[in-house]
Amino acid sequence: GMLRMGPQSAGADPGPACYGKGGTLPATTDANVVLGYLDADFFAGGKMKLDVAAARRAIETHIAKPMGLSIEEAAAGMYRVACNNMAQGVREVTIKRGFDPREFPFIPAGGAGPIHSCLICEELEIPFQIVPRESSVLCAFGMLMSELKHDFVRTFVARLEAIDWPRLTKMIDEMSQEGARQLTEERIPENRRRNDIKFDCRYIKQYHEVSFLVPRELIDRRDVAAIARAFHDEHNRLYGYSLEQENAPIEIINVRVQAIGFTDKPTYREEAWAGADASGALKGRRSVYIPETKTFREIPVYDGHKMRHGNRIDGPAMIEQETTAIFVSDAFDCAVDALGSFALFRKGREDLARSCMKDIKEALV
């Protein structure tokens, strides 16, 4: 009797009910259409018309009637549950790895990611997010931007204070040579390569291992104390404690080598300052669900392709592109940075937006 979203997906075919390809079960996209986040006539830049009536029927049949809700209430519940699921996914890759998500800018990807990002950031108390202008292809773009990496791992069970150093060194050299062969085939010159060595260690009788970077010079000089200190520090970062003071024995389980080849990166073209006025990109207005007040409201809709560096809009608002829709909720405002990205910041935190945009620009260029 509880409302769940996923983990099943309707895929692209038959897809959500609103695709009109035979899908009858309500999906997140159907909720986004009903809530006004997606323009049924501008999906994929107008190349594909969405069936709003079919989305409403699917939600009414499978969620609204069984739960005694209106169609809009059911769609809002679907939206919130989906956002909460994604927020939990962020927790899995941050808090459970020892990182505080509030200390990082949030970068939503995919065509629909920016529709949900404000609610996700509200859930995680993240005050700043960056939506790349081409967020819909961020994963593909990121793959082209990434270094070439090859990972090798060998089991090597030993007490840290009783390592067979010749055997360990030979194992690392073999993995490094295999990585060099791979990078040679990929035409990466030797001066653009690096090998990172990691140990998977644990305190004796612990169930889990901690993977941490071990500089090659520590291995060459057999510096057990420095390696142990690095393990203690990483264990403390991840779990909030270490057993360094207790002199708990440490056990190696695996040895890893990551062969990295550094590739050429494209340069970024900065836009000229165009001022704060975004009225030239205004398309119109439409009724959209506002999560903060749980009501529908007529809000401005902007053409993301026409927004320029410096343009600012106050939430709530919608920004539409052919491949992406961005919902700026009532808790956020938005400005366009010099690289064309949309910087969403919590209301009243313009100082944070300015400093982050500057830092990010310098990091990318």
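User: Which residues of H3 are buried?
Analyst: This is a predicted model, and in it the buried residues of H3 are Ile71, Ala74, Ala75, Ala76, Met78, Tyr79, Ala82, Cys83, Ala87 and Val90.

User: What do they pack against?
Analyst: Three helices and two strands: H1 (28-34), H2 (52-67) and H4 (113-124), plus strands E6 (282-290) and E10 (325-328).

User: OK, and how many residues does H3 have?
Analyst: H3 runs over residues 71-93, so to speak a 23-residue helix by the DSSP runs. From first C-alpha to last it reaches 34 Å, close to the 33 Å expected.

User: Switching to salt bridges. Which residue does Glu72 pair with?
Analyst: Arg56, with N to O at 2.9 Å. That pair links distant parts of the chain, since Glu72 sits in H3 and Arg56 in H2, 16 residues apart.

User: Is Glu72 buried or exposed?
Analyst: Neither: Glu72 is partly exposed, because its relative accessible area is 27%. Arg56 also counts as partly exposed, at 30%.

User: And what about Lys96 and Glu92?
Analyst: Their side chains meet in a salt bridge too, 2.9 Å from N to O. Lys96 counts as exposed at 54%, while Glu92 is partly exposed at 35%.

User: How many salt bridges are there?
Analyst: The count comes to 28. Asp39, Lys283, Arg286 and Glu320 are linked in a network of them.

User: New topic: how much space lies in the largest pocket?
Analyst: About 1100 Å³. Of its 45 lining residues, Ala10, Pro16, Ala27, Thr28 and Thr29 are the closest to the centre.

User: Which helices supply at least two residues of that lining?
Analyst: H1, H2, H3 and H4 each do. By class, the lining has 23 nonpolar, 17 polar and five charged residues.

Terms used:
Residues are numbered from 1 along each chain as its sequence is written. This is a predicted model: local features need pLDDT of at least 70, side-chain atom pairs count only at pLDDT 80 or more; totals for chains, interfaces and linings use all residues. Side-chain values use heavy atoms; hydrogens and water are left out. Helices (H or I, at least four residues) and strands (E, at least two) are DSSP runs, numbered from the N terminus. The expected span of a helix is 1.5 Å times one less than its number of residues. Buried means under 20% relative accessible area, exposed over 50%, partly exposed in between (1.4 Å probe, protein chains only). Contact means heavy atoms within 4.5 Å. On a 1 Å grid over the protein atoms alone, a cavity is a set of points where a 1.4 Å probe fits but cannot get out, and a pocket is an open set with protein on both sides within 12 Å along at least five of seven lines; lining residues have an atom within 4 Å of a point. Grid points are joined across faces, edges and corners, and a volume is the space filled by probe spheres set on the points. Ala, Val, Leu, Ile, Met, Phe, Trp, Tyr, Cys and Pro count as nonpolar, Asp, Glu, Lys and Arg as charged, and the others, Gly among them, as polar. A salt bridge is a side-chain nitrogen of Lys or Arg within 4 Å of a carboxyl oxygen of Asp or Glu.
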